[in-house]
Amino acid sequence: MKGCPILLRAGSYPIVARVAFLAALAGVLLLLTLFPGWLLRNLGVTFTHHGKLIHAAAFTVLAALASVGWMKHKAKLIVLLAFSGVAIEVVQGAQLIGRGPDVFDWIADCAGMACGISIASWTRRHRLISPPKRPGEYPDREVDCQKAMEPAFQKIVNCMLEAGWARGEIMRSLRRLISADNMTQKENAKVEAKLAIARAMVRAAGLSRGKSE
């Protein structure tokens, strides 16, 4: 039954990625920006030989986490991370920090961002449920929906079979669930219609009182 927990937790991945991104961003800014050079040397940490690799690795992680956490805001994230890379180099040039700016560090940051975004794109293509090809209606959208649903559907069925339920029971239960969902949607629509009528009547009553006064 290994597929079931993965299916149930899939929706929490963006939240986990956001928390991890914020923690990683704080760590990167602290290590690459605020730690004075003399303190890093006393701790035995040096960027002399592997500085570019460290920058690239840090921004690879940041870009990957950000892309998973905020999938619909890729352009804004690229700008944010690019600005963060510039800010790191500017702060490193301060006399108090004792570390010099390097444009090649920023280039390494951008290379890491590209790697991180590529990794996130690859994971999205291989995740359990694929999103629509584009927003809004388009030909064969329902066919794409069925294709996207099929892996998750098979996982649910396999989990139920492994738990001891018969395939016929599973299919009948699924049909009943679909029927119950349809009835719920219809009832919700009726309630919404009644609420809309009630709100309209309240507004009309308010207008009539205002005119009479």
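## Cysteines and disulfides

Let's begin with the sulfur chemistry: the count of disulfides in this predicted model comes to 0, where a pair would need its cysteine sulfur atoms within 2.5 Å. As a reminder, a disulfide is a covalent bond between the sulfur atoms of two cysteines.

How exposed are Cys-110 and Cys-145? Cys-110 has a relative accessibility of 26% and counts as partly exposed. Cys-145 is also partly exposed, at a relative accessible area of 42%.

## Overall build

The protein chain is helical in its regular elements, with 8 helices and 0 strands. Read from the N terminus, the order is α-α-α-α-α-α-α-α.

Of its 213 residues, 24% count as buried. The chain exposes about 14900 Å², and carbon and sulfur atoms supply 68% of that area. Among contacts with a separation of 6 or more, 67% join residues 24 or more positions apart.

## The largest nonpolar core

Which residues touch the most other members of the largest nonpolar core? In this set of 14 residues, they are Phe-21, Val-28, Phe-59, Leu-62, Ala-63, Leu-81 and Met-113. Two or more residues come from each of helix H2 (13-34), helix H4 (51-69), helix H5 (74-92) and H6. H4 gives the largest share, with 5 residues. In soluble globular proteins, nonpolar side chains tend to be buried together.

Ala-63 is a good place to look at this packing in your viewer. Leaving out residues up to four places away in sequence, Ala-63 touches Leu-81, Gly-112, Met-113, Gly-116 and Ile-117. Two of these partners, Leu-81 and Met-113, are themselves listed among the core residues that touch the most other members.

## A nonpolar patch on the surface

Nonpolar side chains also appear on the outside: Val-103, Phe-104 and Ile-107 form a surface patch with about 300 Å² of accessible area together. Ile-107 belongs to helix H6, which covers residues 103-125. With a relative accessible area of 44%, Ile-107 is partly exposed, so it clears the cut-off of over 30% that patch residues must meet.

## Around the start of helix H7

Asp-140 sits in the loop between H6 and helix H7 (141-163). Its backbone stands out: Asp-140 has a positive phi of about 65°, although it is not a glycine. Most residues other than glycine have a negative phi. Asp-140 is exposed, at a relative accessible area of 53%.

Is Asp-144 buried or exposed? Asp-144, which lies in helix H7, has a relative accessibility of 16% and therefore counts as buried. Beyond its neighbours within four places in sequence, Asp-144 is in contact with Lys-133 and Tyr-138.

## The salt bridge in helix H8

How many salt bridges does the structure hold? There is 1, and it joins the side chains of Glu-187 and Lys-190, with 3.9 Å from N to O. That distance satisfies the criterion, because a salt bridge calls for a nitrogen within 4 Å of a carboxyl oxygen.

The two partners are 3 residues apart in helix H8 (residues 167-212), so about one helical turn separates them. Glu-187 is partly exposed, with a relative accessible area of 45%. Lys-190 is partly exposed too, at 48%.

Methods
Residues numbered from 1 in each chain as written. Predicted model: local features only at pLDDT ≥ 70, side-chain atom pairs only at ≥ 80, totals over all residues. Heavy atoms only, no water. Patch = residues over 30% accessible without salt bridge, like charges linked within 9 Å, V, L, I, M, F, W, Y side chains within 5 Å. Areas by Shrake-Rupley, 256 points an atom, 1.4 Å probe, with all protein chains shown as cover. Helix = DSSP H or I, 4+ residues; strand = E, 2+ residues; numbered from the N terminus. Buried < 20%, exposed > 50% of the residue type's maximum accessible area, 1.4 Å probe, protein only. Core = buried A, V, L, I, M, F, W, Y, C linked by side-chain atoms within 4.5 Å. Contact = heavy atoms within 4.5 Å.
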